[in-house]
Every structure is written in C-alpha cells, then in structure tokens.
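This report walks through selected features of one protein model, for a reader who has the sequence and the structure at hand.

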Amino acid sequence: MIRIDDILEAIRSYHADADLDAVRKAYVYSAKVHHGQTRLSGDSYMTHLMEVASILTRLRMDVPTIMTGLLHDTIEDTLSTEAELREVFGDEVTEMVDGVSKISKITFKTSEERQAENFRKMLLAMARDIRVILVKLADRLHNMRTLSHQSEERRLKIAQETADIYAPLANRLGISWVKSELEDLSLRYLEPETYKALSKKIAQHRRERDKYVATVKKKLEDILKEHDIDGQVQGRLKHICSIHKKIVKQKIEFEQIHDLIAFRIIVPSVRDCYAMLGVIHSSWKPVPGRFKDFIAMPKANMYQSLHTTVFGPSGQRMEVQMRTADMHSVAEEGIAAHWKYKEGKTAANADEGRFSWLRQMLEWQKELKDSNEFMSSVKVDLFPEEVYVFTPDGDVKELPKQSTPIDFAYSVHSDVGHRCSGAKVNDRLVPLRTELKNGDIVDIITSKSQTPSKDWLKFVKTSKAKNRIRHWVKDQERQQSLELGKDLLEKELRKFGFSYNRALNLDTVKGALSELGFRNFEDLQAAVGYGKVTCNQVLSRIIPEQFKAEAPKPSKISQVLGKIRRKPVDAINVQGLEGILVRFSKCCNPLPGDEVIGFISQGLGVTVHAADCPRVLESDPDRRIEVSWNRQKGATRSVKIRVYSLDQKGILATITKVITKNAANILRASVYSTNDGRGIQSFEIDVQDVQHLTRVMESVQKIKGVQQVERVRVGRNK
C-alpha cells in the first residue's frame, strides 16, 4: 500500500516549495471520515484514495489537486457535508471535490460515437476547472485496475464506459499513458478472449523481443555517436489495444503486423533527421513503399516525423521514426490535434481553438513553480456557447446556451415539440422558458391537445425550434384562412345563384387569378380569409356580367347599415389595397391626426392601431401595412377621456357644458367620488380628429377645480 510519505516525496520531487502540511491535513481528514469503510476487494477504502493521489503526482499536479484526490469521495460516501469541507479546506478544494462528485453521478447509457463525443464535451463543459477531469481520470484508472472485484454486469458497463468516454478524454488531454492503460484494461474485460490471445502471443517471445530491442537500441546509439549526433533512442512495443485495433482495421493476422516494435530517434535538428534516415538505409535494407515523410508534408494534425520500415537484424522488419525534440513534444505530450488524428476525424475550427491551450497547460505543468499561476491557466470554460443535457434515457443533447425545454423537445422530435405541454428538469416541474444548464436531465410532458404557441418564439434559441414553430403557425393560419375564405365566398356567391364548385369552373377564374396576382384559387381563397383580398374584389372579376345585373338589391336597413360601416373605411387609406374591410383597434382607439399603422387580421381585414401601440409593436412585422387618414372625409370618431377634479357642487355640469360648447357630442358618461374628496368623471365623446380632442381637453383643464384630464387607452391607463 502506498504511504502518505510516498505521496509527499513524489510532490517534493517536482515542487520543492509545496505546502505538504495541507496534503497531510487532507489525508488525516479523509482517513477519519472513511474509517471502517472497505472496498469490494476487502482492502481499506483509503487504498483507493492513496492510489488516486499517487496517479495525480505522476501527472505532476499541484497541491489542491492532490488534496482533491484524497477527498474526492467524502461528500458522496461519508457523512461529510460540502459546508464542512468548505470550512476546513476552503473554496478551491471544495469546488473541485463537488465537481468530481457531480461527474460520478452521471450515468452513461449509450456507446454510439456521436453520443460518446457529446459526453466528453459535456464533462469538459461541466468542469470549469480542468483539474476536476484529471482527478476523475485518476479515479477511473485505479477503478479499472481493480475492476475484477465487480460483478460481470458492472465490469462490462464500466469497461464500455471507459472505452467510450474516459480513454478518448485522456487522449484529448494529451495524457497518452493513461489513455493506453485505460484502453488495454477496457479490452481485457470487453473482449477477454481476444485480450488473452494477444497477451499470450506477445509473451511467447518476450525474452527474445527484449533482447532484440536492446541490440537494436545499442546499434542505433552507436550510429549516433559515429556521426557525432547528440540524440536519444527509444524502443517500444505497441500496447495491446493498439495492436488489436490494427488487426481489426487492416483485417490482418497478428503475425502480419510489421511494426510491432518501433524505435524512435530524437535528434536536435531537421537536418539530423534526414541524416539519420540516410545512415539507417545504408545500414539496413529499406522495405519498399514503407517510407513516409511527415516533416516535408505534415499530417493534418501538425504531426511531423520521418517513418521508415527496414529489414533489421535477423531480417525482422522494424519501424524507425526520426523527429526533433519539438516534434516529439507535439506528438506525445498533449497537443490537442493529436487526439483528432487518432480518432480518425478533424474537429471544427471552434474546437481547435478551445483545445489549443492544452499544450501550453501541460508544458507549464512540467515546470510547476507557482500553483496559483498554474490555477489561473486551468480555470476555463471550454464550451461557453453550448449546453449539454440528458434525455431520461441517458442520451446527451447539445444545445445552444440559454436553450429551454422547448428547444430540447424539438431536438428530440418535431411532434414532441408540437405537443410539449410541460417539462421536468432534474425531476422538478419548471416553466417552459427555463434556461437549461450542463448536466440537466430533461423530461418533456406532452399532451394531444397541446399545440405550439407563437409566444414560444420569444424565448426559444435553436433554429430548428423556431422554424418548426413558425411553420406550424403559418400552416394553421393558412388552414383557418382557407376555411374562412371559403365561407365568405360561398355566402356572397349564393347572392348571385352560384355554388362554390360551380364558380371554380367559370372561365373567368384564370383571368381573375392573373389580375390579382395569385398562382391558384386556393391561394386566393386563403387571401380572402386572411383579409388581404375582399369578396367583392374576387366576385367582380369572376361573376359574368349577366348574373351581376340579376343580383338582389339590398334592403333599406342593409343600405343604412352599409353607410354606417363605410364611414370608418372612408376615413382610412390602405396602401396598395382597395375596398378592403377596415376597423379601428379598441386597445388604442386612434383618432385622425394620430400616427397610425395597419395590421392585417385574419378574417377581419385591416385593423388600424396607433403607431406606438404596444400590441402592434409586438405583432408579426410581416402582417403590418401602411395606412393613412383620409383628410377629405369628415367622419367623427369616438374617444374616451377621464377627468380628475375636486368633488364639488356643480363641477360635472360645468364640464359637460364646456365639452358641448367645443362641438363634441357626449355619447356616455360615468361619475364617482373617492374617499379622499376627489371626483373622477369618464366621458365617451365624438371628435373629428386629434386637434379637436386637444381643444376639448385644454378647455376642460381650465375649469376651476379640475386637476387633470387624460385620454384613455386600454393597457396604458389604469
């Protein structure tokens, strides 16, 4: 078992000024709260924590990270609380421990490549401090080393999760030795027969292979000395999982792998790389077609090296790589591009930028002097534009920042979005406009009676959700407009003795469509229902002249009603349209002289609003239309005013007299008194325009005892 002194000595080897007392304090606290706890192996639980801390020292981590390794299970597996931990060890360590605990609670339920990549991104996004991920990797590595004590079901689940999530994550972070060991351990449990067979084949000739490596290494070192090149030689055997992947990918047998053993020669300059290549080819016969110059033509991930395969001692094939120290650092020590090549894909520019700092981080880590300076480099938000959330089944959805349950619902399926009536986030009911956070588990509640709301467009973030909602709303409005348009046309057609179907077959329909600018009668019908075209505009073009003469004459009552209806229409000019139905909005009740704007209302023609009316400003801009007052028409408009005054005798009579004197007709009035001795009088009066209203209000304001006069608009006056 690793001792605390071993941990302290390891820290001291790369950080002479480290606060070792803080590490001892974490060790003592952890031993106390975990006292009596054992692992499935029967070992004390502290063995796991000490192993995790030891792995972190190999990663040359700072003191707070080592402390987190010793404390990472305290919140989850003991009676310790976050508040207690914060009081004893401070915010930095506590937040890292909490981060590790949160990641440990995540359950991965899929192994698909895209999902696995989303998991890895989500983990990085959740951990603003990358050291949290490093602690989790150390934790996972030791758990994999002791996985044999778990049940078979648990072994398979954990091994698959490690292969899909944690090994690639270690590779992405540039920790190749952790990645290799995690991959080998995963293969051991996922494909035990394959692992055993490969291990046996590798072990069969291990002694001869070790002797071979030593012989070749000595030969290469002699060549370096002979040519006065200051270089370093490394000999290595590929790890088991890497060999297995090559066998599967290339569909070959173990015996056909020619680069099972590889040698690297690390030299000072590019010139030395090419010099060594010539020397090696003169010493051993090269294998035709097995030379690759990645220095002159680097790989897409910036990898540079010379590769050649030669017939070495005893005629055995061996691969030799030549590179400079800088190239070796790029290839082996944490550059972000390394994982992109190994995973067989190229990341987007955004990802490339996010991970470019990792090379610097690992370089600084090797020369760790000041833990505070190192901390400032690793506290980052890797994915500030995205949020990663779970479905109830454990799948991960990547959404834009500030996305809501509605966005999530549409990312699952359009029908789920359309029928979304509610949402649970982490088992709690939340409003549909709630912003989702990394790691949230989102469960959508659907209802057959639920339909999308235009209000959703105010807070959804994804283009898919916006497009689906807009498309649904337009479809529904069109369908309603089609039905309403047909009803209106049928009603008017009956006056001329025509049925709807008979009218469609008239020869005049094609000309009417062309004249009114529509491709087909369905579009024209929808325009009638939407209020963009009137029935008269359609019928005047399709009904033959002889039938128009036979149309029934309106009754006297109808004529009177028609005159009343036409008054507001005549008072307004609608740009680009003639004879369209016009009405005035009750919410702002505009008067001639007010700045106005039209809004095309389904089945109601154009509704005229004041230009600054809040309701029209929140409406669909595509349905707004320019309108203006017809100054030649002398129609009057009703408007409401409210008068605040002292509650004194005769003031109401004076007010009404002044209104009438200013040629404004009073349509209705209401009066009441307040407890504080004031009177409030409301009047609906007829005026010609805004100027007329202003004269009336100014005259009333001059009355002795009147405190305030205001124009009443719905939604603006309380």
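The structure holds 0 disulfides. The model is predicted, and what follows describes that prediction. C587, for example, is in no disulfide, and its nearest cysteine sulfur, that of C613, is 3.5 Å away. Because a disulfide needs two cysteine sulfur atoms within 2.5 Å, that distance does not qualify. C587 is buried, with a relative accessible area of 6%. Another cysteine, C535, is buried as well, at 12% relative accessible area.

## Aromatic rings

A pair of aromatic rings is described by the distance of the centres and the angle of the planes. The structure holds 3 aromatic pairs. In one of them, Y29 and F89 meet edge-to-face, with 5.3 Å from centre to centre and 85° between the planes. Y29 belongs to helix 2 (residues 20-33) and F89 to helix 6 (residues 82-105), so this pair ties together parts that are 60 residues apart in sequence. Y29 counts as buried at 11% relative accessibility, and F89 is buried with a relative accessible area of 12%.

A further pair consists of F584 and W629, and it is stacked because the ring centres are 5.6 Å apart and the planes stand at 10°. F584 lies in strand 13 (residues 582-584) and W629 in strand 17 (residues 627-629), so that the pair links distant parts of the chain, 45 residues apart. F584 is buried, with a relative accessible area of 11%, and W629 is buried, with 10%.

Charged side chains also sit over rings. The table lists two cases.

| Charged residue | Ring | Distance from the ring centre |
|---|---|---|
| K25 | F89 | 5.6 Å |
| R502 | F498 | 4.1 Å |

F89 thus appears twice: its ring pairs with Y29, and K25 lies over its face.

Helix 6 also contains D98. This residue is buried, with a relative accessible area of 18%. Not counting residues up to four places away in sequence, D98 touches I75 and E82.

## Strand 7 and its hairpin

How many residues of strand 7 are buried? In strand 7 (residues 386-390), 5 of the 5 residues are buried, so the strand is largely enclosed by the rest of the structure. In a regular strand the side chains alternate between the two faces of the sheet. In strand 7, E386, Y388 and F390 point one way, V387 and V389 point the other way, and all are buried.

Strand 7 and strand 8 (residues 396-400) run antiparallel and are joined by 5 bridges. One of the residues involved is E386, whose bridge partner in strand 8 is P400. The hairpin of strand 7 and strand 8 has 5 residues between the strands, and G394 there takes a positive phi near 95°.

## An exposed residue

Is L429 buried or exposed? L429 is exposed, with a relative accessible area of 63%. It is found in strand 10 (residues 428-430). Leaving aside neighbours within four places in sequence, L429 is in contact with A423, K424 and I445. L429 and I444 are 15 residues apart along the chain, and their C-alpha atoms are separated by 9.8 Å.

## A sheet of four strands

An open sheet of 4 strands has the order 19-20-18-21, and its pairing is antiparallel. Which strands form the edges? The edge strands are strand 19 (665-673) and strand 21 (706-711), each of which pairs on one side only. On average, neighbouring strands of this sheet are turned by 20° against each other, direction ignored.

Strand 18 (residues 637-646) pairs with strand 21 over 5 bridges, in the antiparallel sense. Among the residues of this pairing is S645, whose bridge partner in strand 21 is V706.

Two helices lie across strands of this sheet. Helix 30 (residues 651-661) lies across strand 18, strand 19, strand 20 (678-687) and strand 21, and runs at about 20° to strand 20. Helix 31 (residues 690-701) lies across strand 18, strand 20 and strand 21, and runs at about 165° to strand 21.

Conventions. Residues are numbered from 1 along each chain as its sequence is written. This is a predicted model: local features need pLDDT of at least 70, side-chain atom pairs count only at pLDDT 80 or more; totals for chains, interfaces and linings use all residues. Side-chain values use heavy atoms; hydrogens and water are left out. Rings of Phe, Tyr and Trp (its six-membered ring) pair if their centres lie within 6.5 Å; planes under 30 degrees apart count as stacked, over 60 as edge-to-face and the rest as tilted. Buried means under 20% relative accessible area, exposed over 50%, partly exposed in between (1.4 Å probe, protein chains only). A charge sits over a ring if NZ of Lys or CZ of Arg is within 6 Å of the ring centre and within 35 degrees of the ring normal. Contact means heavy atoms within 4.5 Å. Two strands pair if DSSP finds at least two bridges between them. Axes are lines fitted to C-alpha atoms, for helices over the stretch in contact, and angles run from 0 to 180 degrees between N-to-C directions.
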